[in-house]
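Reader: I'd like to go through this model with you and ask where the labels come from. Can we have it on screen?

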Amino acid sequence: MKINNRSSEDYLEAILLLSRELQFVHRIDIARKMGVSQPAVQKAIKILIDGGYITTDGMHIYLTESGKNYAGSVYNRHCVIRTFLLLHGVNKDDADRDACELEHVVSDATFSMMEDYVSKNAQQS
């Protein structure tokens, strides 16, 4: 099931990245990473639990299998778009910031073109 909420996708991506860095992900970790308040995190957590993307034991936050898959897909889009922009001469900070925006709105066809371009050209750079 696709999330029709950019904010929820950003939260999932943040949880994925934090889970790669930390043994346990806490609400405060998410708030710090995203630069948001803990009440904002709490609201997002409820939405993601209701969607079946995460679970929590009260303290720790865990991605479900569908949450891992969805977050991985969003993060992959981010990485491909960032690399595409870097290959076209965009500086690292702008490429990363723009990839955060574009990952949510770029069409599947445009993303596929970017992915093909990156796979053909990233090894050469």
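Author: Sure. Before we start on Leu-85, one term: contact, or touching, means heavy atoms within 4.5 Å. And keep in mind that this is a predicted model.

Reader: Good. Which residues does Leu-85 touch, leaving out those up to four places away in sequence?

Author: With that cut-off, the list is Val-90, Ala-95, Asp-98, Ala-99 and Leu-102. Leu-85 itself sits in helix H4.

Reader: Why is Leu-85 called buried?

Author: Buried means under 20% relative accessible area. Leu-85 has 13%, so it counts as buried.

Reader: And how far is Leu-85 from Leu-48, C-alpha to C-alpha?

Author: They are separated by 30 Å, with their positions 37 residues apart along the chain. Leu-48 is one of the residues that touch the most other members in the largest nonpolar core.

Reader: What makes up that core?

Author: The largest nonpolar core has 20 residues, and the ones touching the most other members are Leu-12, Ile-15, Ile-30, Ile-45, Leu-48, Ile-54 and Ile-61. Two or more residues each come from helix H1 (6-21), helix H2 (27-34), helix H3 (38-50), strand S2 (61-63) and helix H4 (65-87). H1 gives the largest share, five residues.

Reader: What does Ile-15 contact, setting aside neighbours within four places in sequence?

Author: Ile-15 is in contact with Val-25, Ile-30, Ile-45, Leu-48, Ile-54, Ile-61 and Leu-63. There is also a second, separate core of ten residues, which includes Phe-84, Ala-95, Ala-99 and Val-106. Two of those names are familiar: Ala-95 and Ala-99 are among the residues that Leu-85 touches.

Reader: Back to the start of the chain. How do you know whether Ile-3 is buried or exposed?

Author: The limit for buried is under 20% relative accessible area. Ile-3 has 11%, so it is buried. Its place is in the segment before H1.

Reader: What does Ile-3 touch, not counting residues up to four places away in sequence?

Author: Ser-8, Glu-9, Leu-12, Leu-48, Tyr-53 and Tyr-70. The C-alpha atoms of Ile-3 and Gly-51 are 8.4 Å apart in space, though the two residues are 48 apart in sequence.

Reader: Then why is Arg-97 called partly exposed?

Author: Partly exposed lies between the 20% limit for buried and the 50% limit for exposed. Arg-97 comes to 49%, so partly exposed is the label. Arg-97 lies in helix H5 (residues 92-105), and its C-alpha is 8.5 Å from that of Arg-82, 15 residues away in sequence.

Reader: What about Thr-110: why does it get that label?

Author: The reasoning runs along the same limits, 20% and 50%. Thr-110 has a relative accessible area of 32%, so it is partly exposed. It belongs to helix H6 (residues 108-121). Its C-alpha is 32 Å from that of Tyr-62, with 48 residues separating them along the chain.

Reader: Let's zoom out. What is the order of helices and strands along the sequence?

Author: The pattern reads α-α-α-β-β-α-α-α, with six helices and two strands in total.

Reader: How do you know the overall size agrees with a compact globule?

Author: For 125 residues, a compact globule would have a radius of gyration near 14 Å, and the protein has 15 Å, so the two agree. The C-alpha trace spans about 45 × 30 × 25 Å along its principal axes.

Reader: How much of the protein counts as buried, and what does the exposed area consist of?

Author: Of the 125 residues, 36% count as buried. The protein exposes about 7300 Å², with carbon and sulfur atoms supplying 53% of it.

Reader: And how far apart are the mean positions of the positive and negative charges?

Author: They are 3 Å apart, taken over 14 positive and 17 negative charges.

Note on methods: Residues are numbered from 1 along each chain as its sequence is written. This is a predicted model: local features need pLDDT of at least 70, side-chain atom pairs count only at pLDDT 80 or more; totals for chains, interfaces and linings use all residues. Side-chain values use heavy atoms; hydrogens and water are left out. Helices (H or I, at least four residues) and strands (E, at least two) are DSSP runs, numbered from the N terminus. The radius of gyration is taken over C-alpha atoms; the globule rule is 2.2 Å times the number of residues to the power 0.38. Buried means under 20% relative accessible area, exposed over 50%, partly exposed in between (1.4 Å probe, protein chains only). Accessible areas come from the Shrake-Rupley method with a 1.4 Å probe; for residues, only the protein chains shown count as cover. Lys and Arg count as positive and Asp and Glu as negative; His and the chain ends are not counted. The place of a charge is taken as NZ of Lys, CZ of Arg, CG of Asp or CD of Glu. A nonpolar core is a set of buried Ala, Val, Leu, Ile, Met, Phe, Trp, Tyr and Cys residues joined through side-chain atoms within 4.5 Å.
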